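The exercises below are meant for a reader who is new to this structure, and each task is followed by a solution that goes step by step. Please look over the sequence and the model before starting.

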Amino acid sequence: MKDFDMNKLSPVDSAAYLAEPMSWEHPNVRRYEETIPLKVPGYVLLYEMTERLLNAHRHHSPEHAELLIVGAGGGQELVTLGSRHKEWSFTGIDPSSPMLEIARRRAEEGGVEQRVSLQQGTIEQLPLHATFDAATCLLVLHFVHGKSNKRRLLQNIADRLEPGAPLFLASINGDSGCRAFSTQMEAWKGHMLDNGISIQEWERFAASIGRESDPVPASEVLELLEETGFTQATHYFGSYLINAWYVVKSTGEDIESL
(Lines give C-alpha, C1' and ligand atoms only; values in the text may rest on other atoms or scores of the structure.)
Protein backbone atom coordinates (compact mmCIF):
# COMPACT_ATOMS: atom_id res chain seq x y z
CA MET A 1 0.00 0.00 0.00
CA LYS A 2 1.39 3.41 -0.96
CA ASP A 3 1.65 6.24 1.52
CA PHE A 4 -1.56 8.22 1.80
CA ASP A 5 -1.42 11.71 0.22
CA MET A 6 -4.26 14.10 1.04
CA ASN A 7 -3.19 16.45 -1.76
CA LYS A 8 -3.98 13.83 -4.41
CA LEU A 9 -7.64 13.46 -3.44
CA SER A 10 -10.32 14.72 -5.80
CA PRO A 11 -12.71 17.38 -4.41
CA VAL A 12 -15.41 14.72 -3.95
CA ASP A 13 -13.06 12.30 -2.25
CA SER A 14 -11.65 15.10 -0.11
CA ALA A 15 -15.12 16.06 1.13
CA ALA A 16 -15.85 12.42 1.94
CA TYR A 17 -12.55 12.16 3.81
CA LEU A 18 -13.33 15.23 5.91
CA ALA A 19 -16.77 13.88 6.79
CA GLU A 20 -15.43 10.46 7.76
CA PRO A 21 -14.82 10.13 11.52
CA MET A 22 -11.21 9.67 12.53
CA SER A 23 -10.34 6.14 13.55
CA TRP A 24 -7.24 4.96 15.40
CA GLU A 25 -7.73 1.59 13.69
CA HIS A 26 -7.35 3.04 10.18
CA PRO A 27 -4.09 2.06 8.40
CA ASN A 28 -3.34 5.76 7.88
CA VAL A 29 -2.50 6.16 11.57
CA ARG A 30 0.89 4.69 10.71
CA ARG A 31 1.74 8.25 9.60
CA TYR A 32 1.31 9.47 13.19
CA GLU A 33 4.99 9.16 14.03
CA GLU A 34 5.86 11.28 11.00
CA THR A 35 3.15 13.95 11.24
CA ILE A 36 2.59 14.60 14.95
CA PRO A 37 5.89 16.51 15.42
CA LEU A 38 4.87 18.70 12.48
CA LYS A 39 1.46 19.38 13.98
CA VAL A 40 2.35 20.07 17.61
CA PRO A 41 4.96 22.77 18.25
CA GLY A 42 7.38 21.44 20.84
CA TYR A 43 6.11 17.87 20.59
CA VAL A 44 9.48 16.27 21.36
CA LEU A 45 10.18 18.92 23.99
CA LEU A 46 7.00 17.91 25.86
CA TYR A 47 8.36 14.39 26.32
CA GLU A 48 11.86 15.57 27.18
CA MET A 49 10.48 17.91 29.85
CA THR A 50 8.33 15.08 31.19
CA GLU A 51 11.42 12.89 31.53
CA ARG A 52 13.38 15.60 33.33
CA LEU A 53 10.53 16.30 35.74
CA LEU A 54 10.03 12.62 36.48
CA ASN A 55 13.76 12.17 37.03
CA ALA A 56 13.77 15.17 39.39
CA HIS A 57 10.71 13.84 41.22
CA ARG A 58 12.56 10.61 41.86
CA HIS A 59 15.60 12.65 43.01
CA HIS A 60 17.75 10.96 40.35
CA SER A 61 17.14 7.64 42.09
CA PRO A 62 18.86 4.66 40.43
CA GLU A 63 16.23 2.33 41.89
CA HIS A 64 13.90 0.34 39.68
CA ALA A 65 10.56 1.98 38.85
CA GLU A 66 7.40 0.68 37.19
CA LEU A 67 5.74 3.26 34.93
CA LEU A 68 2.23 3.26 33.49
CA ILE A 69 1.84 4.77 30.01
CA VAL A 70 -1.82 5.55 29.22
CA GLY A 71 -2.20 5.93 25.47
CA ALA A 72 1.11 4.27 24.71
CA GLY A 73 0.49 4.07 20.96
CA GLY A 74 3.12 5.94 19.00
CA GLY A 75 5.84 5.05 21.50
CA GLN A 76 7.32 8.49 22.18
CA GLU A 77 7.28 7.95 25.97
CA LEU A 78 8.99 4.58 25.61
CA VAL A 79 11.74 6.02 23.42
CA THR A 80 12.36 9.15 25.47
CA LEU A 81 12.07 7.72 28.99
CA GLY A 82 13.28 4.21 28.28
CA SER A 83 16.44 5.22 26.48
CA ARG A 84 17.55 7.43 29.36
CA HIS A 85 16.65 5.19 32.29
CA LYS A 86 17.63 1.55 32.05
CA GLU A 87 16.26 1.01 35.57
CA TRP A 88 12.68 1.86 34.50
CA SER A 89 10.11 -0.62 33.17
CA PHE A 90 6.91 0.27 31.33
CA THR A 91 3.37 -1.00 31.02
CA GLY A 92 1.65 0.64 28.06
CA ILE A 93 -2.07 0.50 27.38
CA ASP A 94 -3.84 1.68 24.23
CA PRO A 95 -7.05 0.59 22.45
CA SER A 96 -5.54 0.98 18.97
CA SER A 97 -3.74 -2.00 17.46
CA PRO A 98 -2.01 0.00 14.67
CA MET A 99 -0.77 2.58 17.16
CA LEU A 100 0.58 -0.14 19.43
CA GLU A 101 2.43 -1.61 16.47
CA ILE A 102 4.20 1.73 16.04
CA ALA A 103 5.07 1.72 19.74
CA ARG A 104 6.31 -1.88 19.58
CA ARG A 105 8.53 -1.16 16.58
CA ARG A 106 9.97 1.98 18.14
CA ALA A 107 10.67 0.15 21.41
CA GLU A 108 12.55 -2.52 19.47
CA GLU A 109 14.50 0.04 17.45
CA GLY A 110 15.37 1.87 20.67
CA GLY A 111 16.51 -1.32 22.39
CA VAL A 112 14.04 -1.01 25.26
CA GLU A 113 11.58 -3.74 24.28
CA GLN A 114 12.71 -6.07 27.09
CA ARG A 115 11.45 -3.54 29.63
CA VAL A 116 8.15 -2.83 27.89
CA SER A 117 4.80 -4.60 28.18
CA LEU A 118 2.18 -3.35 25.72
CA GLN A 119 -1.50 -4.22 26.07
CA GLN A 120 -4.38 -3.43 23.75
CA GLY A 121 -7.39 -2.15 25.65
CA THR A 122 -8.32 0.41 28.27
CA ILE A 123 -6.96 1.09 31.72
CA GLU A 124 -9.94 -0.60 33.37
CA GLN A 125 -8.53 -3.89 32.12
CA LEU A 126 -5.37 -3.48 34.19
CA PRO A 127 -5.66 -5.21 37.58
CA LEU A 128 -5.90 -2.91 40.57
CA HIS A 129 -3.20 -4.85 42.40
CA ALA A 130 -0.69 -3.76 39.74
CA THR A 131 0.39 -0.42 41.17
CA PHE A 132 2.89 1.94 39.56
CA ASP A 133 5.51 4.45 40.64
CA ALA A 134 4.47 7.03 38.03
CA ALA A 135 2.14 7.47 35.07
CA THR A 136 1.87 9.50 31.90
CA CYS A 137 -1.30 10.40 30.01
CA LEU A 138 -0.07 12.64 27.22
CA LEU A 139 -2.40 13.88 24.46
CA VAL A 140 -5.15 11.46 25.45
CA LEU A 141 -7.69 13.11 27.76
CA HIS A 142 -9.28 15.30 25.06
CA PHE A 143 -10.29 12.15 23.18
CA VAL A 144 -12.43 11.06 26.13
CA HIS A 145 -15.96 12.42 25.79
CA GLY A 146 -17.83 13.83 28.75
CA LYS A 147 -16.61 15.02 32.13
CA SER A 148 -17.79 11.87 33.87
CA ASN A 149 -15.72 9.69 31.54
CA LYS A 150 -12.71 11.97 31.91
CA ARG A 151 -13.11 11.71 35.69
CA ARG A 152 -13.35 7.93 35.43
CA LEU A 153 -10.11 7.75 33.43
CA LEU A 154 -8.24 9.92 35.93
CA GLN A 155 -9.66 7.93 38.85
CA ASN A 156 -8.57 4.68 37.22
CA ILE A 157 -5.07 6.08 36.89
CA ALA A 158 -5.05 7.26 40.51
CA ASP A 159 -6.25 3.86 41.71
CA ARG A 160 -3.20 2.25 40.12
CA LEU A 161 -0.59 4.65 41.48
CA GLU A 162 1.35 4.45 44.71
CA PRO A 163 0.65 7.32 47.14
CA GLY A 164 2.95 10.21 46.28
CA ALA A 165 3.46 8.97 42.70
CA PRO A 166 3.39 11.58 39.93
CA LEU A 167 1.11 11.80 36.91
CA PHE A 168 2.09 13.78 33.81
CA LEU A 169 -1.00 14.87 31.91
CA ALA A 170 -1.23 16.77 28.62
CA SER A 171 -4.35 17.53 26.60
CA ILE A 172 -6.05 19.99 24.28
CA ASN A 173 -8.07 22.37 26.43
CA GLY A 174 -10.37 25.35 26.06
CA ASP A 175 -13.90 26.51 25.38
CA SER A 176 -14.48 25.84 21.70
CA GLY A 177 -17.26 28.42 21.62
CA CYS A 178 -15.14 31.39 22.62
CA ARG A 179 -13.18 33.86 20.48
CA ALA A 180 -9.86 33.02 22.14
CA PHE A 181 -10.23 29.37 21.13
CA SER A 182 -10.81 30.37 17.49
CA THR A 183 -7.78 32.65 17.56
CA GLN A 184 -5.60 29.84 18.91
CA MET A 185 -6.92 27.51 16.22
CA GLU A 186 -6.16 30.03 13.48
CA ALA A 187 -2.59 30.44 14.70
CA TRP A 188 -2.21 26.66 15.01
CA LYS A 189 -3.46 26.30 11.44
CA GLY A 190 -0.69 28.59 10.22
CA HIS A 191 1.89 26.52 12.06
CA MET A 192 0.69 23.24 10.56
CA LEU A 193 0.47 24.57 7.02
CA ASP A 194 3.94 26.09 7.28
CA ASN A 195 5.22 22.66 8.32
CA GLY A 196 3.79 20.85 5.32
CA ILE A 197 0.47 19.64 6.71
CA SER A 198 -2.09 19.83 3.90
CA ILE A 199 -5.09 22.13 4.16
CA GLN A 200 -7.37 19.09 3.89
CA GLU A 201 -5.67 17.42 6.82
CA TRP A 202 -5.91 20.62 8.86
CA GLU A 203 -9.61 20.90 8.02
CA ARG A 204 -10.17 17.35 9.16
CA PHE A 205 -8.39 18.08 12.42
CA ALA A 206 -10.49 21.21 12.93
CA ALA A 207 -13.69 19.27 12.15
CA SER A 208 -12.73 16.63 14.71
CA ILE A 209 -12.92 19.14 17.59
CA GLY A 210 -16.15 18.35 19.38
CA ARG A 211 -16.71 15.31 17.18
CA GLU A 212 -13.86 12.91 17.84
CA SER A 213 -12.38 15.02 20.64
CA ASP A 214 -13.93 16.84 23.57
CA PRO A 215 -11.70 19.62 24.92
CA VAL A 216 -12.71 21.28 28.18
CA PRO A 217 -11.27 24.42 29.80
CA ALA A 218 -8.05 23.97 31.74
CA SER A 219 -9.85 24.96 34.93
CA GLU A 220 -12.14 21.94 34.56
CA VAL A 221 -9.18 19.61 34.07
CA LEU A 222 -7.65 20.91 37.29
CA GLU A 223 -10.96 20.36 39.10
CA LEU A 224 -11.10 16.78 37.82
CA LEU A 225 -7.55 16.14 38.97
CA GLU A 226 -8.38 17.42 42.45
CA GLU A 227 -11.58 15.36 42.58
CA THR A 228 -9.66 12.19 41.75
CA GLY A 229 -7.04 12.65 44.46
CA PHE A 230 -4.23 14.52 42.72
CA THR A 231 -2.51 17.49 44.34
CA GLN A 232 0.28 20.02 43.75
CA ALA A 233 -0.70 20.72 40.15
CA THR A 234 2.09 22.47 38.26
CA HIS A 235 1.76 23.63 34.66
CA TYR A 236 4.96 22.78 32.78
CA PHE A 237 4.22 22.95 29.05
CA GLY A 238 2.00 24.90 26.69
CA SER A 239 1.58 24.86 22.92
CA TYR A 240 -1.42 26.73 21.51
CA LEU A 241 -4.39 24.85 23.03
CA ILE A 242 -2.28 22.07 24.56
CA ASN A 243 -1.42 22.23 28.26
CA ALA A 244 0.58 19.83 30.41
CA TRP A 245 0.55 19.41 34.18
CA TYR A 246 2.65 17.58 36.71
CA VAL A 247 0.53 16.36 39.64
CA VAL A 248 1.06 14.00 42.55
CA LYS A 249 -1.29 11.39 43.98
CA SER A 250 -2.22 12.41 47.50
CA THR A 251 -0.62 10.46 50.32
CA GLY A 252 -3.57 11.22 52.56
CA GLU A 253 -1.38 13.45 54.66
CA ASP A 254 -0.47 17.12 54.58
CA ILE A 255 1.97 16.84 51.65
CA GLU A 256 2.27 20.61 51.44
CA SER A 257 4.86 20.32 54.20
CA LEU A 258 7.05 17.93 52.22
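**Exercise 1. Describe the largest nonpolar core and the surroundings of F205.**

Step 1. In this predicted model, the largest nonpolar core holds 44 residues, and those that touch the most other members are L67, L78, F90, M185, W188, F205 and Y236.

Step 2. The largest share of this core is contributed by helix α5 (residues 97-109), which supplies 5 residues.

Step 3. Turning to F205, and leaving aside its neighbours within four places in sequence, one finds I172, M185, W188 and M192 in contact with F205.

Step 4. Another core lies apart from the largest one; this other core has 26 residues, including A135, A158, A165 and L167.

**Exercise 2. Determine how E201 and K39 are paired, and whether each is buried or exposed.**

Step 1. E201 and K39 form a salt bridge in which the closest N and O atoms are 3.1 Å apart.

Step 2. The two residues belong to distant parts of the chain, since E201 sits in helix α8 (residues 199-208) and K39 in helix α2 (residues 32-39), with their positions 162 residues apart.

Step 3. Buried means under 20% relative accessible area; E201 has 10% and is therefore buried, and K39, at 18%, counts as buried because that value also meets the cut-off.

**Exercise 3. Compare this with the other salt bridges of the model, beginning with E220 and K147.**

Step 1. A salt bridge joins E220 to K147, with 3.9 Å between the closest N and O atoms.

Step 2. Because E220 lies in helix α9 (residues 218-227) and K147 in helix α6 (residues 147-159), the pair ties together parts that are 73 residues apart in sequence.

Step 3. The relative accessible area of E220 is 22%, so E220 is partly exposed, and K147, with 34%, is partly exposed as well.

Step 4. R211 and E212 also meet through their side chains in a salt bridge, at 2.8 Å from N to O; here R211 is partly exposed at 32%, whereas E212 is buried at 14%.

Step 5. E33, R105, R106 and E109 are joined into one network by salt bridges that share partners, and the count of salt bridges comes to 10.

**Exercise 4. Work out which side chains make polar contacts with E51.**

Step 1. E51 is found in helix α3 (residues 43-57), and its relative accessibility of 5% is under the 20% cut-off, so E51 counts as buried.

Step 2. The side chain of E51 makes a polar contact of 3.0 Å with that of R84, and a polar contact of 2.6 Å with that of H85.

Step 3. When neighbours within four places in sequence are left aside, the residues in contact with E51 are T80, L81, R84 and H85, so that R84 and H85 appear here again.

**Exercise 5. Place Q119 in the model and list what Q119 touches.**

Step 1. Q119 is part of strand β3 (residues 116-120), and with a relative accessible area of 31% Q119 is partly exposed.

Step 2. Along the chain Q119 and P95 are 24 residues apart, while their C-alpha atoms are separated by 8.2 Å.

Step 3. Not counting residues up to four places away in sequence, Q119 touches T91, G92, I93, D94, L100 and L126.

Note on methods: Residues are numbered from 1 along each chain as its sequence is written. This is a predicted model: local features need pLDDT of at least 70, side-chain atom pairs count only at pLDDT 80 or more; totals for chains, interfaces and linings use all residues. Side-chain values use heavy atoms; hydrogens and water are left out. A salt bridge is a side-chain nitrogen of Lys or Arg within 4 Å of a carboxyl oxygen of Asp or Glu. Helices (H or I, at least four residues) and strands (E, at least two) are DSSP runs, numbered from the N terminus. Buried means under 20% relative accessible area, exposed over 50%, partly exposed in between (1.4 Å probe, protein chains only). A nonpolar core is a set of buried Ala, Val, Leu, Ile, Met, Phe, Trp, Tyr and Cys residues joined through side-chain atoms within 4.5 Å. Contact means heavy atoms within 4.5 Å. A polar contact is a pair of N or O atoms within 3.5 Å; within protein, one must be able to donate a hydrogen and the other to accept it, and residues adjacent in sequence count only if both atoms are side-chain atoms.
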